[in-house]
Each structure stands twice: as structure tokens, then as C-alpha cells.
Amino acid sequence: MEKVAIFVDVQNIYYTTRQCYQKHFNYSAFWQQATAGKQVVAAIAYATDRGDSKQLGFQQILKNIGFTVKLKPYIQRRDGTSKGDWDVGITLDVMDYAAQADRIVLLSGDGDFELLLQKVRNDFATASDVYGVHSLTAPALIQSADNFIAIAGALLL
């Protein structure tokens, strides 16, 4: 049975599905698709913590599906911009689990992860699947993945 480790850049998936489709990502449908016939060695969703009840409910849904939810505080800067970047945390966890998994499943459109996928393939012979909104996923990330799965159709709510 193939072993998979799943890593979700929640903010990226939220904003790209909203921007392109004005819809939400269907985490339950994704879970069924990505884990069918596979052993899950890790499933981590990375999000920002604003502390509101709607977010707490969403985080509980993710936990009920099977994800471990990691939170970073939401930081609002004086200039109105915000910060909640998990790139380093995702990278460290992928490196920790790459030797235990046959396949890394990454949900993000962020091109910064291109080098990470190349590294786990070269160092651990670990394959990778990337789920992202096609028009908003960095071409370099699409090319670095063994499989790119476009978020559309049944993966949307």
C-alpha cells in the first residue's frame, strides 16, 4: 500500500479557489480522492488563527476529516497588510516526512515549493502530487510535480 503525506497551504487554497471560482475547496472530496487505497502517514493543514467561531468550526471540520491543524497567529500590520505565511513550516514538515512516504501531496499554488519537490524526489525518491487552481498555480510548481491535479469540479463546494 502506497504511503502518502499530505500538506495543505490553507490560505493559498482558500484565496485561489475564491478568486477563480468564487467557491470553497471541498476537503472531504479531496480526502476521498487523495487517500483511496493509500496509507496516510501524515496529513497537516496549515492555517492562520484569527480566533473567530467560523474559523474554529472550519478547523474542527479539518480535524474530523483526519488532518492535524497547525496554526499561526494572524498578524495585521499597521499598513493594512497581513502576514500568516507557513512556507518554512510546510517545508520543514515535508522534509521530516519525505523519507517515510512514497508520495507527498501538496495543496498550494506557491512556486516557492518547486525546489522542495525537487529535493524530496532527489534525496528520498519520493513522488509528488500538487493540487492547485491551474490558472493561479506557478508554472514552475506544476512542472516540478510528478502529477498536477487541477482544482475544479467535484473538488469545489
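Visitor: What makes the link between the side chains of Arg-103 and Asp-129 a polar contact?

Guide: The two side chains are joined at 2.9 Å. A polar contact is a pair of N or O atoms within 3.5 Å; within protein, one must be able to donate a hydrogen and the other to accept it, and residues adjacent in sequence count only if both atoms are side-chain atoms. The value of 2.9 Å is inside the limit of 3.5 Å, so the name fits. The model is predicted: local features need pLDDT of at least 70, side-chain atom pairs count only at pLDDT 80 or more, and totals for chains, interfaces and linings use all residues. Residues are numbered from 1 along each chain as its sequence is written, and side-chain values use heavy atoms, with hydrogens and water left out.

Visitor: Is Arg-103 buried or exposed, and how do you know?

Guide: Its relative accessible area is 14%. Buried means under 20%, exposed over 50%, and partly exposed in between, with a 1.4 Å probe and protein chains only. Therefore Arg-103 is buried. Arg-103 lies in strand β6. It also has contacts (heavy atoms within 4.5 Å). Not counting residues up to four places away in sequence, Arg-103 touches residues including Glu-2, Lys-3, Thr-126 and Asn-147.

Visitor: Why are β1 and β6 said to pair?

Guide: Two strands pair if DSSP finds at least two bridges between them. β1 and β6 have 5 bridges, in the parallel sense. That meets the cut-off, so they pair. Ile-6 stands opposite Val-105 in β6, and the bridge partner of Phe-7 in β6 is Leu-106. β1 and β2 pair too, over 8 bridges, also in the parallel sense. There, the partner of Val-8 is Ala-45. The strands (E, at least two residues) and helices (H or I, at least four) are DSSP runs, numbered from the N terminus.

Visitor: What makes β3 and β8 edge strands?

Guide: Each of them pairs on one side only. The order of this open sheet is β3-β2-β1-β6-β7-β8, with parallel pairing of its 6 strands. Neighbouring strands are turned by 15 degrees against each other on average, direction ignored. For such angles, axes are lines fitted to C-alpha atoms, for helices over the stretch in contact, and angles run from 0 to 180 degrees between N-to-C directions.

Visitor: Why is β1 called mostly covered?

Guide: Of its 8 residues, 6 are buried. β1 also helps to build the largest nonpolar core, with at least two residues. Such a core is a set of buried Ala, Val, Leu, Ile, Met, Phe, Trp, Tyr and Cys residues joined through side-chain atoms within 4.5 Å. This one has 25 residues, and Ile-6, Val-8 and Phe-30 are among those that touch the most other members. The largest share, 5 residues, comes from α2. A separate second core has 19 residues, including Ile-44 and Val-120. In soluble globular proteins, nonpolar side chains tend to be buried together.

Visitor: How do you know which face of α5 the buried residues line?

Guide: The buried residues are Leu-116, Leu-117 and Val-120. Seen down the axis, they fall within an arc of 100 degrees, so they line one face. The arc is that of the directions from the helix axis to the C-beta atoms. On the other side, Leu-115 and Asn-122 are exposed. The buried residues pack against α4, β6, β7 and α6.

Visitor: What makes Ala-125 count as exposed or buried?

Guide: Ala-125 sits in the loop between α5 and β7. Its relative accessibility is 65%, above the 50% limit, so Ala-125 is exposed. Its phi is positive, near 55 degrees, in a residue other than glycine.

Visitor: And how do you know whether Gln-22 is buried or exposed?

Guide: At 62% relative accessibility, Gln-22 is over 50%, so it counts as exposed. Gln-22 is found in the loop between α1 and α2. Gln-22 is not a glycine, yet its phi is positive, about 55 degrees. Its side chain reaches the backbone oxygen of Gln-19 at 3.2 Å. Gln-22 and Leu-157 are 135 residues apart along the chain, with C-alpha atoms separated by 9.5 Å.
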